Structures are given as C-alpha cells and as structure tokens.
Amino acid sequence: MHGHAPTCMRRSCPIGTARTIVLRTAAMRSITSSSLRLLMLLIACISVLQIVVFHHSIKARSSDASLNKNKISKVIQNKVQGHKNTTDVIVYLAQFKHHSTYGVQYDAHQNVITGLSKLNKSLDLLYTNYVQHFPTCHVLIFHDLIDAPTAETKLMLSKNRPQLQFRQLDGKWWELPYGLKSQDRYKWKRSSFSIGYRHMMRWFAILIWEYLASHGYTHVMRMDDDSYLHSQIKYNLFDYMRNNQKRYGFRMPVVEDSNVPYEMVNSFLNQHPHIITSPDLIASYKQNREIAFYNNWFIADILFFLSPPASLLLDVIDKSNIIYTNRTGDLAIHSTVVRLFLHPEQIEYFRDFTYEHMTLCAREECRGCPQNGGDSRGIGAHSDEEWFHVVGKHIAERFIDNPKCIVPMGEDFIGADDVKECSRLGSQCGYYLKMLLGFDGHN
C-alpha cells in the first residue's frame, strides 16, 4: 500500500476521507448553482487528500529505506560480531624501535633495521598470503609500556587490516617473578640478554596461555616481527588443527642446547608417576634432548598448555625462575613439554609454505650476516627456477656486498646451519622428524 491513495472501501478508512467521498458522490448526482459552493469545497478537500497521500507515500518510502539501512547495518554488525567472537588469534610481540638485547641492527649493506620496518613487512606478507583469504581470526600486537607504539604508528599499521588490535602488557604479564631483583641481573647466566628479553621468554612459555584463554581464544599462531610468509597458505590453519586433532604445529626444526635442566625433568617424571605419557615419548626425548621446534612460528591448542601434565611441568619451570637466572628459553620449554606429552600424530610439521625467520649477527666479525634460521622452501610452493633464481637471488642480494657473509643455498633451505642441518631427514633430528611425518622405517 506504500505510495498509493487509500480506496476507502474498508471500514477502517479515516472518517475525513469517507466524508470526502460522500460529498463527491452527491456533487456528481446534481450539480446546481446552489451546490457550487459544495463543489468548490469538494475540490479543496480532494487537494488536501492528495497532499496527505503524498506525504504518506514519502513517509512509507523513507521507512522502507530506513529498514533497508538497518538490515545492511545488521549484516555488517553480524560480520564484525563474528570476528569479535572468534576463538583463533595470531600474535606478535613487537619492539617498534630497536631490539632490547641486540640493540641497533644492520642489514648486510649496513643499513639500520628498525622493529617497525620489519613488523610492517611481516604484516604485509601475512595478510597477503593468509589473513585476507581466511579473515576470521584476530591479529594481536602485544607490546610493553617502554616501547609502546605512537598513535601514528597504530594508524599506519591498522590501515586496511581490520582484524588488527594492539595490547599493552603490564602488571603480572610483564614483571619479574617474586623474589627476583633487577639489580641482580648481572649475576644471571648470559647477562647480556636484557630483562625485557627474559620477560618475552616467560610470556611465550608460561603466561600467554592464561591471557589468551581469559579472552576467549582456544588456538594461537605466533609470528615474530621478522617472520615472513613467502607463499600463499591455501587452507585455514586453525581449522586444520581442529579437524585433525593436532595440538601443536611448527614450521622449522632446530638443534638447540636444551637448558631445561635434565634433573628437573627427571625429578618431575619421578614425582608424577600417574602422568599420562608413554615410555616411548620419554625415551625419544632422552635420546636427543637437543631436537627442538624453532618456535618463532608455531600454532597451538591453548588448552594443552593449561592442562596437566603440561601445566604442571610449566608451573615447576616457572617457579624455579630459571627463565631469568639461566636464560632458559621459550623454545626449549615448548620443545620439552610438547615432546614429552604429545604423541607424534598430535604434532604437525608444516612443510607446505615458504617461511623465513633469520636472526642476523650483531657481533663485529659477522655483523649483518645470518646467525640463526633462514628461509625454508615450502613443498609445492615454488618451481626450481623460481626458488633458485627469484627467492634465492632475492636473499643472496641482501648479503652480496658483505664479504663477511657466507649464505649457503640448498634445494630446500637458505640460511644458517642450525635449521638447515636439523631439517635433513638424514641428520641427528631425522629419527624424530620421521616419527612426525609417519615414516614406518619402510618409506
């Protein structure tokens, strides 16, 4: 009925409208000079009626437009609400200026590299190769108070990245444990590593699980500001973990001296004989404790780390304060807990996307050269031509002018020896990687 005059044939017609129709009928029966005034009145009433109908039509169209606008707004709101209710999150812990331990960093051409420039590059690649294809996760950038981003930095990094949020860590999330004093740091092992660096290790090893769970997240993917995805990931990583009952995933294996004290682990296992694990897992861990996960990129089921037996061992490690006093890193802690308490079929060794994480040497004799990590080629991500002449050339050109740098390039990896050697199935890491990949000895 919107936009049309009422017919007034129903009982519900307005009284004024009905009177007008009666007058019009009488006028048509007999138009005389005595009824001329009535006719003029009729014409006036019809004019008024037309005006009323016109306004009714305008109001109806306005109401329809308002309804449509509300519907569109509700659809958008539902989509946004869907993102708000996501249980999946990608996290960074960013330093926007210079590294708290490594200080001012230089590339192979001796150009200064800031944390902000690395982070922006990492976000560009992350969104291009993953998030824009699967936009239902959040991206959280954590930071401390000392190196907080400016409003301009937040605006720049958030542009065209709707899932991006910033979170400041303080209070219990970013402080020395009870009993430790900052003035004692020079007595701690490897004292060149700052307190902030040790806060970072504790955050990723111990505290992050409780924080994220308290905000409704169930799965987390970590990225560093110098973590780079160089090929598209064509499936939802979080869904893959859920659908395949995976609890921890990594991209690069590495040989790393495990500085989680052997005696601490043995004592824990002896004191908790009821712990759900298996002799095979314990034997595999003890066979070579140096096999580890290069956890600058990992994806995990948060509940695993919040539940026994993992949570019990994490609590023992945290209360010992060895993260601060011994510089026991999150890499070693992740690797210990995951290898002891997760069966191979619960761990995913991702190899189908190209990933780079390369720590550059800060010492004078090797400044700007790869010290740890590198670029690991994803299976099926590049042709040989592209790998050697595009990806390889791009990386090699970073160091070509620096005579100190030797950057070995293989069919599957470019970079330092730590990851390169461990990635080979014929290396000391091979027996464990074959377990993860499902090799049965006949493959």
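The exercises below work through parts of one protein chain, each with a solution in steps.

The model is predicted: local features need pLDDT of at least 70, side-chain atom pairs count only at pLDDT 80 or more, and totals for chains, interfaces and linings use all residues. Residues are numbered from 1 along each chain as its sequence is written, and side-chain values use heavy atoms, with hydrogens and water left out.

**Exercise 1. The whole chain**

Task: State how many helices and strands the protein chain has, and what share of its residues is buried.

Solution.
Step 1. Helices (H or I, at least four residues) and strands (E, at least two) are DSSP runs, numbered from the N terminus. The protein chain has 15 of each.
Step 2. Buried means under 20% relative accessible area, exposed over 50%, and partly exposed in between (1.4 Å probe, protein chains only). Of the 443 residues, 46% count as buried.
Step 3. Contact means heavy atoms within 4.5 Å. Among the contacts in the protein chain with a separation of 6 or more, 78% come from residues 24 or more positions apart.

**Exercise 2. Strand E4 and its partners**

Task: Describe the cover of strand E4 and find which residues stand opposite Leu-140.

Solution.
Step 1. E4 spans residues 138-143, and six of its six residues are buried.
Step 2. His-138, Leu-140 and Phe-142 point one way, while Val-139, Ile-141 and His-143 point the other way.
Step 3. Two strands pair if DSSP finds at least two bridges between them. Strand E1 (residues 88-93) pairs with E4 in the parallel sense over five bridges, and strand E5 (residues 164-168) also runs parallel to E4, joined by five bridges.
Step 4. Leu-140 has Val-91 opposite, and its bridge partner in E5 is Gln-165.
Step 5. From E4 the chain passes through helix H4 (residues 151-158) to E5, a right-handed β-α-β crossover. Right-handed means that, with the strands pointing away from the viewer, the path from the first strand over the helix to the second runs clockwise.

**Exercise 3. The sheet around E13**

Task: Give the strand order of the open sheet that contains E13, and name the strands at its edges.

Solution.
Step 1. Strands of a sheet pair through backbone hydrogen bonds, either parallel or antiparallel. Here four strands are antiparallel, in the order E7-E13-E14-E15.
Step 2. E7 and E15 (413-415) are the edge strands; each has a single partner strand, so one side of each lacks a neighbour in the sheet.
Step 3. From one strand to the next the twist averages 20 degrees. Axes are lines fitted to C-alpha atoms, for helices over the stretch in contact, and angles run from 0 to 180 degrees between N-to-C directions.
Step 4. Strand E7 (residues 227-229) is joined to E13 by three bridges. Ser-227 has His-357 as its bridge partner, and Leu-229 stands opposite Tyr-355.
Step 5. E13 pairs with strand E14 (residues 370-376) over six bridges, and Thr-359 is partnered there by Asn-372.
Step 6. E13 (residues 355-360) is largely enclosed by the rest of the structure, because six of its six residues are buried. Tyr-355, His-357 and Thr-359 lie on one side, and Glu-356, Met-358 and Leu-360 on the other.
Step 7. Helix H13 (residues 384-399) lies across E13, E14 and E15, at about 160 degrees to E14.

**Exercise 4. Two buried residues**

Task: Find where Val-254 and Ser-376 lie and list some of their contacts.

Solution.
Step 1. Val-254 is in strand E9 (residues 253-255). Its relative accessible area is 1%, so Val-254 is buried.
Step 2. Not counting residues up to four places away in sequence, Val-254 touches residues including Ile-291, Leu-331 and Cys-422. The C-alpha atoms of Val-254 and Ile-291 are 6.2 Å apart, although 37 residues separate them along the chain.
Step 3. Ser-376 belongs to E14 and is buried, with a relative accessible area of 9%. Leaving aside neighbours within four places, its contacts include Arg-251, Tyr-355 and Trp-387.

**Exercise 5. Helices H5 and H12**

Task: Describe how H5 and H12 pack.

Solution.
Step 1. Helix H5 (residues 195-214) and helix H12 (residues 330-341) have axes 8 Å apart, at an angle of about 40 degrees.
Step 2. Angles under 35 degrees count as roughly parallel, over 145 as roughly antiparallel, 65 to 115 as roughly perpendicular and the rest as oblique. H5 and H12 are therefore oblique.
Step 3. Met-200, Met-201, Phe-204, Ala-205 and Trp-209 of H5 meet Asp-330, Ile-333 and His-334 of H12.
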